[in-house]
Amino acid sequence: MGKLGILGDASNEKRNQRIIRLRNAFNDEQINTVQQAAKLTGYTVKTVSQWAHDGDIPLLDQETGATIVPRTAKNQRNINPKKQVEHINYLSMIYNKQEAITVAACAQKMGYPEETIISWAKAGDVPVLYGSAQPNKTVVPFNDTNTPAWL
């Protein structure tokens, strides 16, 4: 095989690795949309869309409101339950320590999209504030078990 063949194989391998990383980020709930993936990877929306198409990853396109590929039972998000519990526990900890009390602040601190933070707050019964979008409104209501000591 000549030099061009080896370079082509290396380029294809890099591309496959990027698709795998995209799938891993999707499964870890780091990305939900093509635009978020483009921002995370530093590549264009067009490039990330092609990777999502080739990797059968149903990322949402915010511009069209549709997924890049149709959702099927085979290509759904595979969330690692242990890792998700770790994320929810970390969210609860930073909220209770007042390191971040709004959805936006938690998203920035944790490096995840706001939609994911809201999902984790609901799953973990963490009453983070929506922030300026809905002032003084929490994702889940306060109750006997989730009211922080500082409140």
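This passage looks at one serine, one pair of aromatic rings and the largest pocket in a predicted model.

A good place to start is S49, which sits in helix α3, a stretch covering residues 45–54. Is this residue buried or exposed? Its relative accessibility is 17%, so S49 counts as buried, the cut-off for that class being under 20%. The side chain of S49 also reaches back to the backbone, coming to 2.8 Å from the oxygen of V45. Setting aside residues up to four places away in sequence, S49 touches V34 and I68.

Aromatic rings come next, and the structure contains 3 aromatic pairs. One of them joins Y43 and W51: the ring centres are 4.9 Å apart and the planes meet at 65°, so this pair is edge-to-face. The planes have to be over 60 degrees apart for that label. The two partners can also be described by their accessibility. W51 counts as buried because its relative accessibility is 6%, whereas Y43, at 34%, counts as partly exposed.

Finally, there is the empty space to consider. Rolling a probe the size of a water molecule over the atoms reveals where such space remains. In this model, the largest pocket holds about 230 Å³ of space. Which residues line the largest pocket? The lining is made up of Q30, I31, Q35, Q36, K39 and L40, together with G111, Y112 and P113. Sorted by character, the lining of this pocket has 4 nonpolar residues, 4 polar residues and 1 charged residue.

How values were computed:
Residues numbered from 1 in each chain as written. Predicted model: local features only at pLDDT ≥ 70, side-chain atom pairs only at ≥ 80, totals over all residues. Heavy atoms only, no water. Helix = DSSP H or I, 4+ residues; strand = E, 2+ residues; numbered from the N terminus. Buried < 20%, exposed > 50% of the residue type's maximum accessible area, 1.4 Å probe, protein only. Polar contact = N/O pair within 3.5 Å; in protein donor to acceptor, adjacent residues only side chain to side chain. Contact = heavy atoms within 4.5 Å. 1 Å grid on protein atoms, 1.4 Å probe; cavity = no way out; pocket = protein on both sides within 12 Å on 5 of 7 lines; lining within 4 Å. Points joined across faces, edges and corners; volume = space filled by probe spheres on them. Nonpolar A, V, L, I, M, F, W, Y, C, P; charged D, E, K, R; others polar. Phe/Tyr/Trp six-rings, centres within 6.5 Å; stacked < 30°, edge-to-face > 60°.
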